[in-house]
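Work through three short exercises on the structure below. Try each task before you read its solution.

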Amino acid sequence: METFAHVLVLWWVLLGSSIVIEGNRRGLIRNNHTASTHFKTTQDVTNFGAVGDGNTDDSKAFLSAWEAACKKKTNNAKVTVPSGKTFLVSPIQFEGPCTSNSITFEILGEIVAPPRSAWTKKSADEWLSFHRVDGLIVAGNGQGVIDGRGESWWTHGDDKSRPTALRFSHCNELQVSGLKHRNSQKNHVSINGCNGATISNLDIRAPAKSPNTDGIDISASTNLHINNCLMATGDDCIAINGGTSNVDISNIACGPGHGISIGSLGKDGRHDEVEGISITNSIFTRTDNGVRIKTWQGGSGFARNITFSKINFIAANNPVIIDQYYCPTRNALTNCSQTVPCTGIIMDDVDIEPVYPNDSTTARCINAHGTAAHALHPAVDCLRN
């Protein structure tokens with residue numbers, strides 16, 4: 001028996017349509033550069049033997065620089081990856097906890113992954129990983145590039161055999177800003193088990209046909225702020241998974257891609273909970289979907305207190321989807337559960353217009369309960385009070 005309860009839950013089928021939710025969006029606010037700070041204790045990876053010619057494996061030098069900074073008894077430890085060089089780095093984990101209350105990993109040059117043929121473990125979980133590092137600041141100052149060179153992975157094996165490009169796990173007070181992420185092997189950035197994170201001014205790109213190259217995946221984390229980012233990938237711009245709460249997402253330019261998703265939740269009978277999610281002041285351009293909530297039949301838990309507001313969709317196939325019968329291989333119309341329906345929906349100041357004058361837009365929902373007001377177009381007659 002499916003036991004998911006959803007808030008702000010509705011299915012829209014709007015091929016080639018444009019939608020504005022809760023008023024007009026006035027444009028993205030972008031702050032592309034973060035002011036650099038002078039650090040007394042800086043570990044330059046080239047001082048530990050990194051060559052930066054794009055061919056020499058610089059992994060050991062990176063790890064040595066990290067260990068030196070992590071052990072420093074100071075409040076301003078720093079590792080820097082200098083500009084003007086390309087550093088080849090094999091799979092590596094930067095471990096904490098560190099002695100310093102805060103540690104900065106500054107990326108001003110380019111970090112590239114080896115091709116799949118050079119990986120000794122073809123089913124690694126991640127390429128670059130920061131684990132149990134509190135007070136971590138990863139800053140690119142608008143210059144730094146992380147290139148997963150995912151092309152050599154996309155045609156091999158399934159999604160589970162490919163690594164995440166950059167993972168942050170079990171951390172507190174994380175800051176990531178000013179980086180350019182390119183062509184991840186799977187998802188570009190993963191945040192797992194973290195409390196308190198600010199992610200800003202990221203430029204994330206991969207081809208529209210690249211498989212499962214999500215921009216940012218979040219799980220089991222709370223109190224996150226994601227803002228002022230551009231994401232153009234082959235899958236979700238942002239995916240929010242179980243155990244996640246209090247996430248504020250704003251000023252995102254998404255597309256191409258699959259939009260921003262909550263879920264999928266409840267797969268294989270799992271109990272998943274997601275709440276306190278706000279997605280606002282963002283634009284979705286030529287995405288397969290816009291904002292969506294997706295849960296598997298047979299799972300349990302909830303997705304609640306979710307707000308989509310001040311969003312523009314331009315030529316998005318399905319601007320808003322909420323699906324309690326999610327199945328990635330099924331294209332038929334989905335709906336809310338008859339036994340545990342979608343409740344608490346508030347539709348306000350929604351205007352849906354077709355891209356082409358001769359086209360029409362429609363709204364479809366099953367077992368959806370809530371209210372609609374203020375010149376909805378088209379009318380959501382299927383929404384029951």
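**Exercise 1.** Find the residue that UniProt lists for "active site", then say whether it is buried, partly exposed or exposed.

*Solution.* Start with the record. The UniProt entry, which is unreviewed, gives His258 for "active site". Keep in mind that such annotations may be inferred rather than shown by experiment. Next, place the residue in this predicted model. His258 sits in the loop between β23 (244–254) and β24 (260–265). Now take its relative accessible area, 22%. Buried means under 20% and exposed means over 50%. His258 is therefore partly exposed. Last, list the contacts, skipping neighbours within four places in sequence. His258 touches Gly234, Asp235, Asp236, Asp288, Asn289, Gly290 and Arg292.

**Exercise 2.** Decide whether Asn187 is buried or exposed, and find the side chain that shares a polar contact with the side chain of Asn187.

*Solution.* Locate Asn187 first: the loop between β16 (180–182) and β17 (189–192). Its relative accessibility is 4%, so Asn187 counts as buried. Then check the side chains. Those of Asn187 and Thr164 are joined by a polar contact of 2.8 Å. Beyond four places in sequence, the contacts of Asn187 include Ala165, Asn212 and Asp214.

**Exercise 3.** What kinds of residue line the largest cavity?

*Solution.* Begin with the count: 1 cavity of 30 Å³ or more. The largest cavity holds about 50 Å³ of space. Read off its lining: Phe62, Val89, Phe94, Phe105, Ile107, Ile111, Leu128, Phe130, Ile146 and Leu166. Sort these residues: 10 are nonpolar, none polar and none charged. Finally, look at the strands. β9 (103–107) and β11 (126–131) each give at least two residues to this lining.

Key. Residues are numbered from 1 along each chain as its sequence is written. This is a predicted model: local features need pLDDT of at least 70, side-chain atom pairs count only at pLDDT 80 or more; totals for chains, interfaces and linings use all residues. Side-chain values use heavy atoms; hydrogens and water are left out. Helices (H or I, at least four residues) and strands (E, at least two) are DSSP runs, numbered from the N terminus. Buried means under 20% relative accessible area, exposed over 50%, partly exposed in between (1.4 Å probe, protein chains only). A polar contact is a pair of N or O atoms within 3.5 Å; within protein, one must be able to donate a hydrogen and the other to accept it, and residues adjacent in sequence count only if both atoms are side-chain atoms. Contact means heavy atoms within 4.5 Å. On a 1 Å grid over the protein atoms alone, a cavity is a set of points where a 1.4 Å probe fits but cannot get out, and a pocket is an open set with protein on both sides within 12 Å along at least five of seven lines; lining residues have an atom within 4 Å of a point. Grid points are joined across faces, edges and corners, and a volume is the space filled by probe spheres set on the points. Ala, Val, Leu, Ile, Met, Phe, Trp, Tyr, Cys and Pro count as nonpolar, Asp, Glu, Lys and Arg as charged, and the others, Gly among them, as polar.
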